[in-house]
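Visitor: I am new to this structure. Please take me through one part of it closely, the second largest pocket, and then show me what else stands out.

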Amino acid sequence: MTHPVVTEAPVVRADSRPVRSGPKLRWILLAVGLTAALALPWFVYPPVAMDIVSLALFAIALDILLGYTGLLSFGHAAFWGSSAYVTGLIATHYGVPFPVAVLGGAVFAMILALPIGYVSVRRSGIYFAMVTLAFAQMVYFIGYRWSDLTGGENGLQGVPRTFFGIELIETESFYFYYAALPILLLGMWAAWRIVHSPFGRVLVAIRDNSQRARALGYEVEKYKVIAFVLSAGLTGLAGGVFAINHGFVALTELHWSTSGEVVLMTVLGGIGTLWGGTVGAFLNVMLADYLASSGFHGIDLVTGTVFVLVVLLFRRGIWGTVRGQWLARRQRSRDTK
C-alpha cells in the first residue's frame, strides 16, 4: 500500500498537525495572478510583458524537474530553442495561425526530449546535469552548422504573427499579448495539474527517496522520463510564443547560458513552488530591461550579484521564504489558541 506524498513541504511542529495553504488562499492567489497577467501590458512595454510570461512558463517547466523530481537540467535551452526554430519555420513556410505553429514547436520539443531523457535519467545529481548540458550543446552545434535551415549566426528572421487575418493581432504587440496569453496560461495550468496529481506525488516521492519509491513498485526511470518530456513540452510552448513575439529566433536561444538563466530564475523565486518561477522571471526580466534602458552595460554583473544575495538571504528563494514564514506564523497562531 502506497502512502500519499504532499507536493510542498508543510510547516510542522512535534506537537501539532501540519499547516498547509488552504483552497481559499489558492483561489486568492489565482485571482491576483490572473489580474496581474491581464494588467501587465498596461504598465510594461507589451513585448517585454510577453517575455515575462513566456520565461515564467519556462521556469515553471524547469521546476517540474528541479523542484518536484530533484533533477537539475542544464540542457533545457535545447527544447526552448528548438521549439522556437520549429515554430518559426512552420509559421514562415506554411502561413498557419501562430497557435498551430507554437503547438508544432512544443510537439517537436517533446519528441526531441524523449531520447535525451531516456539516456539522461540513468544518471543523477551533477552527472545528470552534465549529460543534459552535453546534449544541449550538440543541438546548439546543429543549429549553428545547419545555416541553410536556421540561418546560423544570423538567426531565423521574419517570423510572422499570422492569426486568421486579424490585422490588429498580427501587427500590434499589445493585442498580440492577449491573443498569446491563453497559450501560456494553459501551460501553467497544465504544470499545476501535473504536480498536484497522483503522478506529481510520485515525482516528489522519487525526489525525496528514489530507492524507497522503487521498493514500493514504482518504475523510477519511467516516471523521470515522463516528467522530462512533459517539462520539455511546456518549455516548447514558452519558446514558441517567445519566437512569435520577437519575430526572430537567435542562435543564443540554444546556448547553454539560456539554460543557466532559467535555473537562476527558478532558484531566485524558489524551487518546488511553481509561483517562484513567475516571481523569478518577473524580477530578472524587469531588472535586465531597466538596466538596458538606462544604458548600463554590466547587466550580468548586477543580476549575478542579486542572485548571490538572494541565495544568501533567502535560502528557499523569495517566494519560498515568504510562503514558509507565512505558514509558520499560521502554525504559531493556531497553536496558541
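Guide: Here is the pocket, followed by some features elsewhere in the chain.

This is a predicted model, in which local features need pLDDT of at least 70, side-chain atom pairs count only at pLDDT 80 or more, and totals for chains, interfaces and linings use all residues. Residues are numbered from 1 along each chain as its sequence is written, and side-chain values use heavy atoms, with hydrogens and water left out.

Start with the space itself. The second largest pocket holds about 790 Å³. A pocket here is an open set of points on a 1 Å grid over the protein atoms alone, where a 1.4 Å probe fits, with protein on both sides within 12 Å along at least five of seven lines. Its lining residues have an atom within 4 Å of a point. Points are joined across faces, edges and corners, and the volume is the space filled by probe spheres set on them.

The lining has 26 residues, and those closest to the centre are Glu 261, Met 265, Asn 284, Ala 288 and Asp 300. By class, 13 lining residues are nonpolar, eight are polar and five are charged. Nonpolar covers Ala, Val, Leu, Ile, Met, Phe, Trp, Tyr, Cys and Pro; charged covers Asp, Glu, Lys and Arg; the others, Gly among them, are polar.

Now the helices. Helices are DSSP runs (H or I, at least four residues), and strands are E runs of at least two, numbered from the N terminus. At least two lining residues come from each of α2 (46–66), α11 (220–246), α12 (256–269), α13 (275–293) and α14 (299–313). The biggest share is that of α12, with seven residues.

Leu 274 sits in the loop between α12 and α13. Its phi is near 70°, a positive value in a residue other than glycine. Most residues other than glycine have a negative phi. Leu 274 is buried, because its relative accessibility is 8%; buried means under 20%, exposed over 50%, and partly exposed in between (1.4 Å probe, protein chains only).

Phe 164 also has a positive phi, near 55°. Its place is the loop between β1 (156–157) and α7 (167–171). Phe 164 counts as exposed, at 62% relative accessibility.

Move to α14. Helix α14 holds Val 308 and Leu 312. Val 308 is partly exposed at 45%, while Leu 312 is exposed at 62%. Val 308, Leu 309, Leu 312, Leu 313 and Phe 314 form a nonpolar surface patch, with about 490 Å² of accessible area together. Patch members have over 30% relative accessible area and no salt bridge; nonpolar side chains (Val, Leu, Ile, Met, Phe, Trp, Tyr) are joined within 5 Å, like charges within 9 Å. Areas come from the Shrake-Rupley method with a 1.4 Å probe, and for residues only the protein chains shown count as cover.

Last, the charged pairs. The whole structure has two salt bridges. Each is a side-chain nitrogen of Lys or Arg within 4 Å of a carboxyl oxygen of Asp or Glu. Arg 207 pairs with Asp 208, their closest N and O atoms 3.0 Å apart. Arg 214 meets Glu 221 at 2.9 Å, N to O. Arg 214 is partly exposed at 39%, and Glu 221 is partly exposed at 30%.
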